[in-house]
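Please open the model in your viewer and keep the sequence panel beside it, so that each selection can be followed by residue number. The tour moves from one selection to the next and says what is to be found at each stop.

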Amino acid sequence: MDDAPILGSSAGRIEDLLRQVVSRAHELLETQERMRGLLSAVVSIAEDLTLEAVLDRVVTSARELVGAKYAALGVLTPEHTALSHFLTVGMDDETVSRIGPRPTGHGVLGLLIREPNPIRLHDLGSHADSYGFPANHPPMKTFLGVPITVRDEVFGNLYLTEKASGEDFNAEDEDLVVALAAAAGVAIENARLFADTARRQRWREASMDVAGKILALEDLSTGSAFIADQALEITESDIVAIARRRAGAPGYEWRAVFGPLKDDFDDVARAGAIAVASKVSVTGETLVLTGPEVFGPETQVRHALVVPAGQPGQDLGAVIFGQSGRTPFPAVDVEMAPVFFAYSSLALQVARQHRQREDLVVFTDRDRIARDLHDVVIQRLFAAGLSLQGLRRFVAQGLDGDRATSKIDSITGELDETITALRNTIYSLNEAKGRDSLSARLVRVVQEATGDLPTTPRVELLGPIDSAVPTAVGDQALAVLTEGVSNVVRHAHADSLWVTATVSDGEFEIVVADDGYGLGEITRRSGLKNVEERAEALGGTFEVGPAEDGGTRLRWVVPVGRR
């Protein structure tokens, strides 16, 4: 019996098996390589925290992962009815420019929006929902579309066309892109959170910064314009308008209108905005609206944010932001804009009160000068005039020269005393002009000593501090405040600091409170002992202990009656 056919058959089977093993090994190597590509793509997506960079890396990584010639990422509008953004990879700028406007969500792209499930097509143009390509658009046939989901909400879609090998996108390509889309959803969510945190921090910094700048304004009538300008920069809006109630008249008026679209703020837009401002000023609620509801149907504004401006309990005005883009105002702006305008309104109120206090000091000085001039200078001038009239009578009667000379000397003395009184008044005015008020010095002590605190300290000044507190008491108070604030900064580990200076019922009170670790065990009392001795020397009292909400509270009270 011949064994050759048997041997030949066995060798063939072994060869087939070897071919299958090599093919499977080759497939495994390809799969391993693609897994490496997927891992590399996921890592690259997570390397940046800005949303724009993440989106760009997602669409670029998807194209490289499956070997597509073209790739795009469409971001959905909040209503999930169309595309708000459309990023492309694979086309040069000239080609993109020739194509014209970006897609908004028609055809197969719209199908993926309506039914967010992966789609693979052999011929994109032959699909029943195909919308066709615009002129100058590159030819595209094979297609793979995958939704990107962020926290169970569809964020957008990945579109891949024209596989480089000329083949159709297969199930493995779909699985890879689906996996990439899942990783992209996490990266996009992280980028969103990072962007929200950074934007919220910008609002906080602007709130603290605008308060300081308003207090330094020479002309407070420009305060509204300054606030609107700051808000315009943060929100990147196309228009910002501030409405306030008319002084002595019904209704509202516009204090400031800023932005590229301010010239489009016509009568229709003003009427609609005034109606919304009136509503917000009554309810105190922030509104997010579409453009036509506020600015009229002819406006370029597509989104509006209406924020109350003012302190609760007051007649609130309103601030209206408008944007012409497709994207509405982010939730962070809706949350932080009212805080910003509450800070700004409070800063304006404090600045006006500070100016009123300064005016009161000026008016008080004027009253004192008027009294001094009336009681001293004018009376002496009047007496000198009467003496001169009497001297004329002496000369007319031919009386002796000694009495006339004595009379002239008396009048000259009166005039010299009057000149001296006037000179003293002028010197005192110049001295007061060159000296800071006590309230300003108290605020400056807090500002200079609290630079390391994480939040801006709150300073409240009540009563006639600048006029009722003697200089000697004021100097002691500054030393006490310096000691109290420096103790908080150095030892309390506090986040917040409250300082109150009050003049009431013949007493001057300073309170320094914080939310730190509390008083704890006192090992050195040199500073507090000095504070106590300063109070006792002025006939006052001093106490230090725990605050109501934790932390420490220092209270220093001295009399400021007339001395």
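The stops below go from the whole chain to a sheet, then to a core, a helix pair, a hairpin and two loop residues.

**The whole chain.** Begin with everything shown as a cartoon, bearing in mind that this is a predicted model. The protein chain holds 14 helices and 15 strands, and of its 563 residues 39% count as buried. Among the contacts in the chain with a separation of 6 or more, 60% are between residues 24 or more positions apart.

**The five-stranded sheet.** Next select β1 to β5, which make up an open sheet in the order β2-β1-β5-β4-β3, with antiparallel pairing. The edges are held by β2 (83-89) and β3 (119-121), and because each of these has a single partner strand, one side of each is left without a neighbour in the sheet. Looking along the sheet, you will find neighbouring strands turned by 15° against each other on average, with direction ignored.

Now narrow the selection to β4 (residues 143-150) and β5 (residues 153-163), an antiparallel pair joined by 8 bridges. Within this pair, Thr149 stands opposite Val154 in β5. Add helix α4 (residues 107-114), which packs on the sheet and touches β1 (68-76), β2, β3, β4 and β5, its direction making about 145° with that of β5. Helix α5 (residues 171-215) can be added as well, since you will see it lying across β3, β4 and β5 and running at about 30° to β4.

**The largest nonpolar core.** Show side chains for Leu442, Leu481, Phe508 and Trp556, the residues with the most contacts inside the largest nonpolar core, which has 33 residues. Two or more residues each come from α11 (438-449), α13 (471-492), β12 (497-504), β13 (507-514), α14 (526-537) and β15 (552-559), and the most are given by α13, with 8 residues. Centre the view on Phe508, whose contacts, leaving aside residues up to four places away in sequence, include Leu438, Leu442, Val473, Ala477, Val503, Trp556 and Val558. Another core, of 29 residues, lies apart from this one, and Leu232, Ile242, Phe321 and Phe341 are among its members.

**The α11 and α13 pair.** Select these two helices by themselves: the axes of α11 and α13 come within 9 Å and cross at roughly 20°, so the two helices are roughly parallel to each other. The crossing of α11 and α13 is right-handed. On the α11 side the contact includes Leu438, Arg441, Leu442 and Val445, while α13 brings residues including Gly474, Asp475, Leu478 and Leu481.

**The β14-β15 hairpin.** Move on to β14 (residues 541-546), which runs antiparallel to β15 and is joined to that strand by 6 bridges. Gly545 stands opposite Arg553 in β15. The two strands form a hairpin with 5 residues between them, and Gly550 in the turn has a positive phi of about 95°.

**Two loop residues.** Which residue in the loop between α6 (223-235) and β6 (239-245) deserves a selection? It is Glu236, which has a positive phi of about 55° although it is not a glycine, and which is exposed, with a relative accessible area of 58%. Finish at Asp505, in the loop between β12 and β13, where phi is near 55°, again a positive value in a residue other than glycine. Asp505 counts as exposed, at 77% relative accessibility.

Terms used:
Residues are numbered from 1 along each chain as its sequence is written. This is a predicted model: local features need pLDDT of at least 70, side-chain atom pairs count only at pLDDT 80 or more; totals for chains, interfaces and linings use all residues. Side-chain values use heavy atoms; hydrogens and water are left out. Two strands pair if DSSP finds at least two bridges between them. Helices (H or I, at least four residues) and strands (E, at least two) are DSSP runs, numbered from the N terminus. Axes are lines fitted to C-alpha atoms, for helices over the stretch in contact, and angles run from 0 to 180 degrees between N-to-C directions. Contact means heavy atoms within 4.5 Å. A nonpolar core is a set of buried Ala, Val, Leu, Ile, Met, Phe, Trp, Tyr and Cys residues joined through side-chain atoms within 4.5 Å. Buried means under 20% relative accessible area, exposed over 50%, partly exposed in between (1.4 Å probe, protein chains only). Angles under 35 degrees count as roughly parallel, over 145 as roughly antiparallel, 65 to 115 as roughly perpendicular and the rest as oblique. A crossing is left-handed if the near helix is turned anticlockwise from the far one by less than a right angle, and right-handed if clockwise.
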